[in-house]
Amino acid sequence: MTDVDLEFARVRQVLDRPTLRLMSRPTSAAVVSVFRTVFDRDVQYVPADRMHLQVEEHVARLQATGARVPASDSTTGDLPAGEAPRPNGRSLCREWVAAQWLVRSNSPDGDEQYSLTSHALEALSLIDALSSERALISESRLAMIVDAVHRWAARAEPDRDTQVRRLDAQIAELQAERDRLARGDEVVTVDEDRMRDGYTNITDLIRQLPSDFKRVEEAVATMHREIVEDFRQEVRPIGEILDDYLARTDNLMESTPEGRAFQGAFELLRDDALLLRLRDDITAILEHPFAGSLSPTERRTFRGTVGILRQGIEDVLAQRRMLTATLRDQIVAHDVVRDRELDAVLRSVNRGLAAWMDAGSARDRVPLGLLPPSAAVGTLRERFYDPDAESVPPPIEEPDDDVFEDLDVESLRRHGGPLLAELRDVLAHAATGSSVEAFHTLPAEQRRPVELFGLAHLLTGHDDFEAGTASAPHHTVRPDGEPVTFHMPTAALAPAGDAPHHDDEPGQEAR
């Protein structure tokens with residue numbers, strides 16, 4: 001093969017990866033937008049029923065706005081906006097699972113749930129990186145590369161004298177900086193532009209963490225499926241399968257880049273001092289003046305860097321614990337004789353079905369007993385003796401007649417409804433003015449808050465009151481003497497004798 005043939009095969013293999021297939025389809029914008037909306041930084045697992053509903057709602061919304069959306073039925077393909085049928089969330093999620101963009105698993109409670117694969121997380125991370133405004137070549141990025149090369153070159157140096165000279169140079173540089181600050185010289189800090197550039201480079205690295213952890217989790221899940229399949233097929237002895245599991249678990253953290261990255265992160269989280277320093281450094285960055293231009297989401301995401309590390313490692317460890325529990329259950333509950341008997345029965349059923357299909361026709365019927373016959377079980381006692389059911393109820397206590405204080409008509413009247421007669425009288429005999437002025441002429445005991453309802457009832461029919469063109473404070477007094485002010489529309493009163501008449505309804509005035 002020529003060089004171009006090798007390059008073509010390599011490029012085609014890369015383009016066939018689920019990550020690039022997710023980003024190269026005509027409906028990629030809709031699918032990625034749904035993933036970004038459903039799975040944010042704080043949501044990694046979504047129950048299956050909720051996922052189906054959310055996918056239907058989001059795809060229908062995008063379809064209504066004219067976006068190109070994926071079709072629910074894979075046989076119809078992806079259709080332009082306006083031609084696609086009503087989306088079906090279950091069908092779309094099933095297709096995305098087959099495309100290796102979603103994973104359907106069981107929660108600790110036994111419920112089905114969805115999560116993004118490492119391919120989908122990698123695509124989302126790449127889109128976030130391309131959508132952010134940053135310079136490809138910057139001082140902070142070059143400095144990060146130079147510092148990393150210098151640090152690893154110092155660790156790779158085999159000569160003892162050379163390492164000593166490197167450490168002496170670093171100590172001298174740090175000592176000179178310390179002496180300068182101790183003398184009271186000016187503290188040199190970076191400006192906001194350079195600080196934002198460094199923050200962007202750090203967030204680019206943090207954005208890649210979820211997909212890296214997901215690759216390790218998927219590697220453990222793949223090993224889980226293969227070992228369980230070996231148990232079921234009985235192609236190898238149990239002892240050999242266990243030895244293979246232990247060997248592959250040890251090699252997983254050493255033979256793959258994902259495993260080595262996970263091992264390094266695991267060692268990092270075991271160092272409490274290093275984690276504390278990381279939190280302090282993140283706080284110092286967010287206290288810089290440039291952080292005032294960050295959105296609340298960006299600040300929360302950057303502050304949760306340690307949480308992302310912990311959650312990723314916990315997911316990998318949970319997958320390993322599930323694999324170990326499966327192996328333990330297989331060893332404890334595995335019955336070779338019973339499995340072979342069941343396999344023999346199933347094979348005989350298949351042979352009988354094949355013979356019947358060859359000899360029978362499409363209209364032949366075979367009676368099958370789908371359920372076992374009812375068990376002959378006598379009637380069981382449904383209720384048992386309860387001593388409380390036979391006990392005598394406690395005697396009724398005599399009410400205490402002294403609980404309530406003596407009430408008179410005036411006290412009841414103070415706590416009753418509005419006094420319509422008094423309100424109508426003051427409105428009818430008021431001089432030309434407004435209703436609020438007439439209301440304030442009442443004594444304190446007749447200016448209760450409830451009187452405002454009666455006042456509104458009597459002013460119904462006044463155009464200025466119903467239109468609410470003028471509003472004024474009405475000072476009321478509660479029965480306990482506390483003053484309360486309410487704002488209510490007012491009405492201009494006609495001269496005495498011209499006020500409108502309202503018939504009282506039964507029960508509106510407490511007597």
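How many residues lie between β2 and β3 in their hairpin, and which glycine in the turn has a positive phi? Keep that in mind while opening the structure, which is a predicted model.

**Stop 1: the β2–β3 hairpin**

Select residues 102-106 for strand β2 and residues 112-116 for strand β3. These two strands run antiparallel and are joined by five bridges. Five residues lie between them in the hairpin, and the glycine with a positive phi, about 95°, is glycine 110. At one of the paired positions, asparagine 106 stands opposite glutamate 112 of β3.

**Stop 2: β3 and its other neighbour**

Keep β3 selected and add residues 46-47, which make up strand β1. β1 also runs antiparallel to β3, here with two bridges. One pair to pick out is proline 47 with its bridge partner in β3, glutamine 113. Now show the surroundings of β3: four of its five residues are buried, so the strand is largely enclosed by the rest of the structure.

**Stop 3: glutamine 113**

Is glutamine 113 buried or exposed? Its relative accessible area is 12%, which is under the 20% cut-off, so glutamine 113 counts as buried. To see what surrounds glutamine 113, leave out residues up to four places away in sequence and select its contacts. They are Tyr45, Val46, Pro47 and Ala48, together with Val103, Arg104, Ser105, Asn106 and Ser107.

**Stop 4: helices α4 and α5**

Select residues 48-64 for helix α4 and residues 89-98 for helix α5. Their axes lie 8 Å apart, and the helices pack at an angle of about 100°. That angle falls between 65 and 115 degrees, so α4 is roughly perpendicular to α5. Show side chains where the two meet: α4 brings Met51, His52, Val55, Glu56 and Val59, while α5 brings Gly89, Arg90, Leu92, Cys93 and Trp96. By type, the residues of this contact are six nonpolar, two polar and two charged.

**Stop 5: helices α3 and α6**

Next, select residues 28-38 for helix α3 and residues 118-131 for helix α6. The two axes cross at roughly 95° and come within 11 Å. This makes α3 roughly perpendicular to α6. On the α3 side the contact uses Val32, Phe35 and Arg36. On the α6 side it uses Ala120, Leu124, Ile127 and Asp128. Five of the residues in this contact are nonpolar, none is polar and two are charged.

**Stop 6: the nonpolar core**

Which residues have the most contacts inside the largest nonpolar core? They are Phe35, Met51, Trp96 and Leu102, in a core of 24 residues. α3, α4, α5, β3 and α6 each supply at least two residues of this core. The largest share, five residues, comes from α3.

Centre the view on phenylalanine 35. Not counting residues up to four places away in sequence, phenylalanine 35 touches Leu22, Trp96, Trp101, Leu102, Leu116, Ala120 and Leu124.

**Stop 7: a second hairpin**

Finally, move along the chain to residues 471-477, strand β5, and residues 483-489, strand β6. They pair in the antiparallel sense over seven bridges. Serine 471 stands opposite proline 489 of β6. β5 and β6 form a hairpin with five residues between them, and glycine 481 in the turn has a positive phi of about 95°.

Definitions and conventions. Residues are numbered from 1 along each chain as its sequence is written. This is a predicted model: local features need pLDDT of at least 70, side-chain atom pairs count only at pLDDT 80 or more; totals for chains, interfaces and linings use all residues. Side-chain values use heavy atoms; hydrogens and water are left out. Two strands pair if DSSP finds at least two bridges between them. Buried means under 20% relative accessible area, exposed over 50%, partly exposed in between (1.4 Å probe, protein chains only). Contact means heavy atoms within 4.5 Å. Axes are lines fitted to C-alpha atoms, for helices over the stretch in contact, and angles run from 0 to 180 degrees between N-to-C directions. Angles under 35 degrees count as roughly parallel, over 145 as roughly antiparallel, 65 to 115 as roughly perpendicular and the rest as oblique. Ala, Val, Leu, Ile, Met, Phe, Trp, Tyr, Cys and Pro count as nonpolar, Asp, Glu, Lys and Arg as charged, and the others, Gly among them, as polar. A nonpolar core is a set of buried Ala, Val, Leu, Ile, Met, Phe, Trp, Tyr and Cys residues joined through side-chain atoms within 4.5 Å.
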